[in-house]
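Dear colleague,

Please find the structure below, handed over for your own work. A summary of what was found in it comes after.

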Amino acid sequence: GRDIDIYISDGAATPELVRWRGVQSVEINRRVTIERELELGNPHTVSSEYDVPEVSGSLTMHAADVEYLFDRIAQITNVPTNETANALSSQPLEMEIVIRHPDTGAVIKTLYLEAARFDPPGIPARVNSTMEVQLPFNSDGGALLVYKGSRP
């Protein structure tokens, strides 16, 4: 988490990317299904097509305090912190993941999702324990853009 910065939009009409603190790890999976069309008697593929790519993953976050965590949940669900967020209260948000060089701090790579939709986390209620929360997400459009260096 030290050399990775996560920015997620605030969901406003003119979205602004907000840096999330306390992110410990990020996992992103991109899956594409390719279908080959074969012709009887022909050993070669006649044509191929693929479905819309599926992009999914999760963020693991160690929030400094409960208020910060609830503010992040309010951001991804567009539900005020004094109301209950559920599985249906999610919205597509821009997400940018910036990976930095551990020695120089220079941006090595940037991953960008235009419409990441987060599932509200289940939060275990345990007294005197660290609060590490996993936030799974899916991309609505299936687009994952990878840039060498910063995003233009």
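The notes that follow cover the basis of the values, then salt bridges, strand pairing, aromatic rings and one loop residue.

This is a predicted model, in which local features need pLDDT of at least 70 and side-chain atom pairs count only at pLDDT 80 or more, while totals for chains, interfaces and linings use all residues. Residues are numbered from 1 along each chain as its sequence is written, and side-chain values use heavy atoms, with hydrogens and water left out.

Salt bridges

Side chains of opposite charge can pair when their charged atoms come close. With a salt bridge taken as a side-chain nitrogen of Lys or Arg within 4 Å of a carboxyl oxygen of Asp or Glu, the count comes to four. In one of them, arginine 19 meets aspartate 5, with the closest N and O atoms 3.0 Å apart. This pair links strand E2, which holds arginine 19, to strand E1, which holds aspartate 5, across 14 residues. Strands here are DSSP runs (E, at least two residues), as are helices (H or I, at least four), numbered from the N terminus.

Aspartate 5 also forms a salt bridge with arginine 100, at 2.8 Å between the closest N and O atoms. Because aspartate 5 lies in strand E1 and arginine 100 in strand E7, that pair ties together parts 95 residues apart in sequence. Aspartate 5 is buried at 7% relative accessible area, whereas arginine 19 is partly exposed at 41% and arginine 100 is partly exposed at 27%; buried means under 20%, exposed over 50%, and partly exposed in between (1.4 Å probe, protein chains only).

A further salt bridge joins glutamate 96 and arginine 151 (2.6 Å, N to O). Glutamate 96 is in strand E7 and arginine 151 in the segment after strand E10 (145-148), 55 residues apart. Shared partners join Asp5, Arg19 and Arg100 into one salt-bridge network.

Arginine 151 has a second role to report: its charged end sits over the ring of tyrosine 112, 4.0 Å from the centre. The criterion is NZ of Lys or CZ of Arg within 6 Å of the ring centre and within 35 degrees of the ring normal.

Strand pairing

Strand E1 (residues 4-9) has five of its six residues buried. E1 pairs antiparallel with E7 over five bridges and antiparallel with E2 over four bridges, where pairing requires at least two DSSP bridges between the strands. Aspartate 5 has valine 98 in E7 as its bridge partner, and tyrosine 7 stands opposite arginine 19 in E2.

Aromatic rings

Rings of Phe, Tyr and Trp (its six-membered ring) pair if their centres lie within 6.5 Å; planes under 30 degrees apart count as stacked, over 60 as edge-to-face and the rest as tilted. Two aromatic pairs result. Tryptophan 20 and phenylalanine 118 are stacked, at 6.2 Å centre to centre and 25 degrees between the planes. Phenylalanine 118, buried at 0%, also pairs with phenylalanine 137 in a tilted arrangement, at 5.4 Å and 55 degrees. Trp20, Phe118 and Phe137 thus form one aromatic cluster.

Loop residue

Glutamine 91 lies in the loop between helix H1 (66-77) and strand E7 (92-100) and is buried at 14% relative accessibility. A polar atom of the glutamine 91 side chain lies 3.0 Å from the backbone oxygen of glutamine 75.

Yours sincerely

Terms used:
Polar contact = N/O pair within 3.5 Å; in protein donor to acceptor, adjacent residues only side chain to side chain.
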